[in-house]
Amino acid sequence: MTAPILKPLPLCLLAVALWGLIGLAGLLRPRSHRLAGALYPLGAACALLLAAAAARALALPLAPERAVLPVGLPDLPVHLRLDALAAGFLVLLGAAAAGISVFAAGYFGPHAPPGAASGAARAPQGTPPGLLCLQYHLFLASMALVFLADDAYAFMLAWEVMALSSYFLVTAEHGSASIRAAGFLYLLMAHVGALSILLAFGVMQGGTWRFTFDAMRGAHLAAWPASVAFLLALAGFGAKAGLVPLHVWLPEAHPAAPSPVSALMSGVMLKTAVYGMLRVSFDLLQASTWWWGLVPLTLGLLSALYGVVFAAVQTDMKRLLAWSSIENIGIIFTALGLALVFRGAGLPAAAALALVALLYHCLNHACMKSLVFLGTGAVLHATGERSLARLGGLIHRMPQVAWLTLVGALALAGLPPLNGFVSEWLLLQSFLFAHSVPHTFVNMLLPLGAGLIALAAALAAYVMVKFFGVVFLGRPRDAVAAQAHEAGPAERLGLAWLAALCLVLGVLPSAVIGVLDLIVHQLAGVALQGSQSRWWLLAPVPGRAASYSAVVMLAALAGVTLLTVLATRTAARPVRRARAWACGGTEPTARMQDTAEGFGQPIRHLFSDFFSITVEAPGPSDREPRYRVHVADRLWERLYLPAGSAVQRAADRLAFLQQGRIAAYLLYSFLTLVMLLALVL
Amino acid sequence: MSAFDIATQLTQTVAALLLAPLFTGFMNQCRAWLQNRRAPALLVPAWNLRKLFARQPVVATGASPLFRAAPYAVFGAMVAAAAIIPILGTGLPFGTAADAIALIGLFATARVFVCLAAMDIGTAFGTLGARREMMLGFLAEPALLMIVFVASLISSSTGLPAITENLATRTLGLYPSLAFTAVAFTMVTLAENARIPIDNPATHLELTMVHEAMLLEYSGRHLALMEWAAALKLFNFACIGIALFAPWGLATAGSGPLALIASVPVLLVKLAAVAAGLSLIEALSAKLRVFRAPEFLAAAFLLAVLGLLVRVLLGA
């Protein structure tokens, strides 16, 4: 028997508690970068402890571990539960947070690389590093508790701590008005979403008035309250995930945060919403109706396309990545919708495949998006510049960061043999089951979804070529890019950890799916068969010749390349360096390159219905010609501004209630009491 | 995995490497004949490759290692693709490692590396070409996937050898879904391989170039690899077309060396027909403006979707 402290759940709680303590330790000397820089690696060690404990829980698939902590309000203890689903997401959190924390040690720590621009990453009026360290570790701890919570109170508490701590992290550089505005929008949307989740829990308790998840599992709701709960949960978690049309906060808040925080928010925090959706729709709501899946499926496809199209026209590298997160969330919700449709249609094997695709993409996105966000952090640190218009040529100045970021960019582009391709492959394979759904029209329209996913994936490649090409390739467009320097060792170590995860997830999919199968078995009741038959071959669908082996593919690619190199070496003459030819013109300058606006121009042209575009073009007599394009989100004008002004109008109408006299307010209280009494009696 | 399968695999990969420049050469000849010109020799592309391999490569001073690595990656991806497609036989051991979706992924990988290399030096034409190539790519890829989906639904498999075997053993008859996808596939082939009406491989006007604009800075063995990869890509597309829409006469798994030898002339005849057909389309059409290309590819996508709907609705 292992000692009780060595069981997975206590170990997870230990990691969470240590995160809290590390955060508090940062307050000892709040202005010391040195102390903060020393604390982040400890946080990374805790993250590894958490990942190891959760992985152990997955390796020993026993009954879910439970614990009741007697904290909080009287009669409302905190229920915790560690099952396969929670363990899977805890592994994701721990693995991604380990790399991000190591990077943060360099980013927030004392060894900021020397250089004129490095101060720009730390705004003068920012949060002091010690306080930032507390907020950062509270953020990590609250995400872990979201995954562990087993009653609605604990869940909402952790959820709110997560929202608030991330709000403070987003507004770390609160000297700038635009960052404060982004933070406010984030806070607003987070609370609209939280309200919706709270209401969903209210429906799901089903008249028992007990808010533990066990009570909800046993509530046996009728069809329509279950549907209401499902839609409320979708709205609430969708707002957190950045699902279109609830996405407006995401491209504002993620770029505003310091890069390690952007990585955590995009890589991990969005997955808490996915976790919540899985928990509600596959665990808490036992009954399900087949059409449920169509809602997340439609919204997911819309988000995937919307996000990637907007990512293609961005000129700020972090904003570009934030829009790309919306695309990936769209892909994840598409998989969720597909799994629900398949389950409702009585195709459990297909549902299991879609769920594996979903979980795999969550893991992938946590690694690759964190990696690329950290890459932008390193660039930001070295140049102080986020605008694509002033970067370029950084592969010469910071080669290691460039090559590591390239791994993440290629993975995000969904290219084999990296990890992004594996989950897209699984998702497309599950789309091939769509024609057996027994509902006409649905089975006809579903394969079109595969076309949209392919379009989004191909556009993601476009976005990543633009991102990597403009930032790292070509010539420096500005002096700051020409004088950049390589990132520090801690930052490079964090990047390397995440790049290694991307490679492992890409090359060994069968092993990963073997673990994900346990989670899928818990959710859908069935597991994929035959996926573990051979470790090097991924063949998840019994009865269909569909297989993919990244190891063999990588070996073949490497073999062919090596043979080619050897064959050309024998007769090779050494390479001669010369000026770029450029069709015989003069030596090209940096201004002759395509700009980020230029690279996005075909997308602006083709998808012009998505955008509201304002172009500022120079006149023929302008002394200093300037060309500017501003692309805005139509949903903001069409949906949010009218909603905002409607709220404003309603508030104006109700303003007569605000008399400013104490007697009037006492009267309101009295009337409310009378009404409540009438209601109760 | 028998010894014969391994032999098939090796034979067809080597055959693809050798036949690809000849296929390009034959297409050039057909085009010349259709334009009432004297045709260049069949072996001109092959001679060009030999010449380029012998030359000293010149690399721009601002080039990063990525620029020099890209030709090898692109060439490797195309050779791997040639190993997946049933060109001579269907008993391909490597066919289980990558199915049709992975094949599309391989093409995408090659495209991304070409474009990144084109952006590396920072010349105007390179980035222009990269931008246009990625635009054509993101339109062609979903169309190609829909085409693959139709074939996968018919044969309930996404592995290319299995699809081909299934299609080859069906009773001869017209499948409307396959007819639609065949038209769509032809359009995608023209777009993906920089042929008229989307791009012109023989153009010398930089502003209208797409694919050639990205290779302007390459020379020597790097250019040779890029050119060979482009020829292989065209050859691969021709062979995918043959495997999906005319899959007869291939050596099936374990059918013996005679079948393998017999499959070579069959392949040559089919390739000649494909080359003639593609050159005829090229000779009869004019190059589209760059912004008309999306309409062309959207039409291809819609045709493929029609094929899919016909398959799902009518089962035909």
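Here are four short exercises with worked solutions on chain B and its contact with chain A, all based on a predicted model.

**Exercise 1. Fold and overall size**

Work out how many helices and strands chain B has, and what its radius of gyration says when set beside that of a compact globule.

*Solution.*
- Start by counting: chain B has eleven helices and one strand.
- Next, walk along the sequence, and you meet the order α-α-β-α-α-α-α-α-α-α-α-α.
- Now turn to size. For 316 residues, a compact globule would have a radius of gyration near 20 Å, and chain B has 19 Å, so the two agree.
- The C-alpha atoms fill a box of roughly 55 × 45 × 40 Å along the principal axes.
- Finally, look inside: 61% of the 316 residues in chain B are buried.

**Exercise 2. Helix α1 of chain B**

Find out what span helix α1(B) should have at 1.5 Å a residue, and where its kink lies.

*Solution.*
- Helix α1(B) runs over residues 3-34, which makes 32 residues.
- At 1.5 Å a residue, these should span 46 Å; the end C-alpha atoms are 44 Å apart, so expectation and model agree.
- Then follow the helix to Leu19(B), where there is a kink of about 35 degrees, shortly before the proline Pro21(B).
- Just after α1(B) comes Asn36(B), with a positive phi of about 60 degrees.

**Exercise 3. The buried side of α10**

Identify the buried residues of α10(B) and name helices that help to cover them.

*Solution.*
- Helix α10(B) covers residues 257-284, and its 28 residues reach 41 Å from first to last C-alpha, close to the expected 40 Å.
- Its buried residues include Leu267(B), Leu271(B), Val274(B), Ala275(B) and Leu278(B).
- Look at the spacing of those numbers with this in mind: an α-helix has 3.6 residues a turn, so residues three or four places apart point the same way.
- Among what covers the buried residues of α10(B) are α1 and α9 of chain B.

**Exercise 4. Where chain B meets chain A**

Determine how many residues each chain brings to the contact, which element of chain B gives the most, and which strands pair.

*Solution.*
- Chain B brings 72 residues and chain A brings 68.
- On the chain B side, elements giving two or more residues include α2, β1, α3 and α11.
- The biggest giver there is α5(B), with 17 residues.
- Sort that side by type and you get 48 nonpolar, 17 polar and seven charged residues.
- Last, the strands: β3 of chain A (residues 576-578) pairs with β1(B) in the parallel sense, over three bridges. Within this pairing, Arg577(A) stands opposite Val59(B).

Conventions: Residues are numbered from 1 along each chain as its sequence is written. Chains are lettered from A and ligands numbered from 1 in the order in which they are written. This is a predicted model: local features need pLDDT of at least 70, side-chain atom pairs count only at pLDDT 80 or more; totals for chains, interfaces and linings use all residues. Two residues are in contact if their C-beta atoms, placed from the backbone, lie within 7 Å. Helices (H or I, at least four residues) and strands (E, at least two) are DSSP runs, numbered from the N terminus. Ala, Val, Leu, Ile, Met, Phe, Trp, Tyr, Cys and Pro count as nonpolar, Asp, Glu, Lys and Arg as charged, and the others, Gly among them, as polar. Two strands pair if DSSP finds at least two bridges between them. The radius of gyration is taken over C-alpha atoms; the globule rule is 2.2 Å times the number of residues to the power 0.38. A residue is buried if 20 or more other C-beta atoms lie within 10 Å of its own, exposed if 12 or fewer, and partly exposed in between; C-beta atoms are placed from the backbone. The expected span of a helix is 1.5 Å times one less than its number of residues. The bend at a residue is the angle between axes fitted to the seven residues ending there and the seven starting there.
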